[in-house]
Amino acid sequence: MLLGCIGDDFTGSSDLGNTLVKAGMRTVQYCGIPEVPADPAVEAGVVALKTRSVPAAEAVRQSLAALDWLRAQGCRQFLFKYCSTFDSTPQGNIGPVAEALAEALGADAVIFCPAFPAAGRTVWQGHLFVGDRLLSESGMEAHPLTPMTDPDLRRCLAAQARCGVGHLPAATVWQGVPAIRARLAAEAGAGRPLVIADAIRDADLVALGQAAADMPLITGGSGIALGLPGNFARAGLLAGGAAPWQGQPGRAAALSGSCSRATRGQVARHVASGAPAQEIDPEAVLSGAATPRAAADWALAQEGLPLVYSSADPQAVRAVQDRHGGARVAAALEAFMAETARLLVAGGVSRLITAGGETSGAVVEALAPGALEIGPEIAPGVPAMRAGAGLVLALKSGNFGAEDFFAAADSVLAGRA
């Protein structure tokens with residue numbers, strides 16, 4: 001294994017795997033920290049954790065354990081993957097985890113860049129944009145767990161980190177690899193080793209990756225990995241080639257817990273198309289009136305692609321959280337979706353689509369596939385994945401995908417597209 005990656009959620013980890021496979025690396029996503037060594041053919045290993053919203057100390061503990069396993073596989077470089085909308089709070093977890101990894105690896109300077117231009121995420125003058133809107137106006141300001149109200153990533157990171165935070169402006173990135181390396185060294189020398197890097201084009205991300213060829217640790221969204229496979233290829237270390245994707249026949253189902261604008265639009269499109277859909281009321285879940293067994297039985301009785309969703313307007317979600325507590329509501333809905341997924345697969349579903357990082361993480365933990373083979377891209381940042389001989393998955397971050405995502409994902413999983 002050459003590149004060792006640690007993801008703070010399952011959808012983001014599959015997003016990263018998608019980037020690495022497209023760039024020519026044999027990549028496997030591990031669902032949690034494996035207990036056995038990796039297959040020697042794996043060139044990039046992505047350890048997917050569910051640490052985005054846990055207490056910072058626990059996120060650090062799990063991330064360091066993942067680092068230990070990856071180091072034991074022989075990795076030469078490490079990547080800490082977080083969301084392209086920098087999902088975090090003033091308490092963490094991006095800063096504390098990155099600092100712990102940097103200390104363990106002896107990294108003098110660390111790049112932070114969540115940019116993903118293909119999905120509309122760009123960093124300019126240290127500020128994160130989603131499309132043509134600042135992060136704080138993108139809908140992420142209403143996220144129930146990690147509301148992003150400040151688009152200045154320097155301030156965001158400084159609030160949760162012990163070390164100084166620097167900046168690598170686009171004008172320097174455009175000057176090429178030597179200028180990037182010089183700026184990183186200067187920022188570290190000035191006591192600002194955590195460096196927010198601007199990037200508005202894929203070419204910027206490739207340049208950052210090339211400049212980081214000898215750095216032990218790099219952090220960011222999946223886009224920051226665009227230039228890393230080329231470093232290994234130029235060193236003659238990649239075997240190249242991925243196994244051809246085989247579509248999965250059988251039954252399909254979709255589960256959605258994300259309340260992002262994109263996912264709510266996808267749910268609305270699915271409902272408007274006349275496809276089967278059942279909304280889950282959080283109050284009914286908390287009271288026990290709605291059960292995973294009933295939801296799974298309903299879905300298994302449908303034709304086509306049934307969707308079970310709790311995605312709702314942020315104001316409605318906030319009202320439920322105010323009554324019952326955000327942590328309790330989130331835990332109840334995640335457990336509901338996880339058990340529904342388990343029952344669906346037990347009932348014969350062989351193609352399962354999930355929307356939302358927390359939902360996807362809970363579902364994967366319930367199914368416990370161990371490792372996921374990364375397949376073709378469904379949408380930017382979302383690959384098809386094989387969890388075993390009879391099960392394929394699509395794990396979608398809330399903000400990703402076009403309005404017809406659910407139908408498009410099923411087509412790719414089935415091998416029809």
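Trainee: Hey, which residue stands opposite Arg 133 in E8?

Mentor: Val 130 stands there. Labels like E8 come from DSSP runs, numbered from the N terminus: helices are H or I runs of at least four residues, and strands are E runs of at least two. Keep in mind that this is a predicted model, where local features need pLDDT of at least 70 and side-chain atom pairs count only at pLDDT 80 or more, while totals for chains, interfaces and linings use all residues. Residues are numbered from 1 along each chain as its sequence is written, and side-chain values use heavy atoms, with hydrogens and water left out.

Trainee: Got it. How many bridges join E7 to E8?

Mentor: Two bridges, and the strands run antiparallel. DSSP has to find at least two bridges between two strands for them to pair. E7 covers residues 127-130.

Trainee: And what about E6 and E7, how many bridges there?

Mentor: Four, again in the antiparallel sense. One example is Thr 122, whose bridge partner in E7 is Phe 129.

Trainee: What order do the strands of that open sheet have?

Mentor: The order is E6-E7-E8, three strands with antiparallel pairing. E6 (121-124) and E8 (133-134) are the edge strands, each pairing on one side only.

Trainee: Which residues of E7 are on its covered face, and which on the uncovered one?

Mentor: Leu 128 and Val 130 are on the covered face, whereas His 127 and Phe 129 are on the uncovered one.

Trainee: What's going on with phi in the hairpin of E6 and E7?

Mentor: There are two residues between those strands, and Gln 125 takes a positive phi near 55°. Gln 125 is a residue other than glycine. The hairpin of E7 and E8 also has two residues between its strands, and there Gly 131 takes a positive phi near 65°.

Trainee: Is Gln 125 buried or exposed?

Mentor: Neither: Gln 125 is partly exposed, with a relative accessible area of 41%. Buried means under 20% relative accessible area and exposed over 50%, with partly exposed in between (1.4 Å probe, protein chains only).

Trainee: New topic. Where is Tyr 82?

Mentor: Tyr 82 sits in the loop between strand E4 (77-81) and H3. Its relative accessible area is 0%, which means Tyr 82 counts as buried.

Trainee: What does Tyr 82 touch?

Mentor: Leaving out residues up to four places away in sequence, its contacts include Asp 8, Arg 52, Ile 94, Phe 112 and Gly 220. Contact here means heavy atoms within 4.5 Å. Tyr 82 and Phe 112 are 30 residues apart in sequence and 9.8 Å apart in space, C-alpha to C-alpha.

Trainee: Which side chain makes a polar contact with the side chain of Tyr 82?

Mentor: The side chain of Thr 219 does, at 2.8 Å. A polar contact is a pair of N or O atoms within 3.5 Å; within protein, one must be able to donate a hydrogen and the other to accept it, and residues adjacent in sequence count only if both atoms are side-chain atoms.

Trainee: Anything else in that loop?

Mentor: Phe 86 is also in the loop between E4 and H3. Phe 86 has a positive phi of about 55° although it is not a glycine, and it is buried, with a relative accessible area of 0%. Asn 93 is found in the loop between E4 and H3 too, and the peptide bond from Gly 92 to Asn 93 is cis, with omega near 15°.

Trainee: Let's talk cores. Which residues touch the most other members of the largest nonpolar core?

Mentor: Ile 111 and Leu 208, out of 75 residues. Helix H3 (residues 94-105) gives the largest share of this core, seven residues. A nonpolar core is a set of buried Ala, Val, Leu, Ile, Met, Phe, Trp, Tyr and Cys residues joined through side-chain atoms within 4.5 Å.

Trainee: Leu 208 is in H7, right? Which residues of H7 are buried?

Mentor: H7 spans residues 202-211, and its buried residues are Asp 204, Leu 205, Ala 207, Leu 208, Gly 209 and Ala 211. Among the elements covering them are strand E5 (110-113), helix H6 (177-189) and helix H8 (228-234).

Trainee: Last one: at what angle do H6 and H7 pack?

Mentor: About 65°, with their axes 9 Å apart. The contact is made by Val 177, Ile 180 and Arg 181 of H6 and Ala 207, Leu 208, Gln 210 and Ala 211 of H7. The axes are lines fitted to C-alpha atoms, for helices over the stretch in contact, and angles run from 0 to 180 degrees between N-to-C directions.
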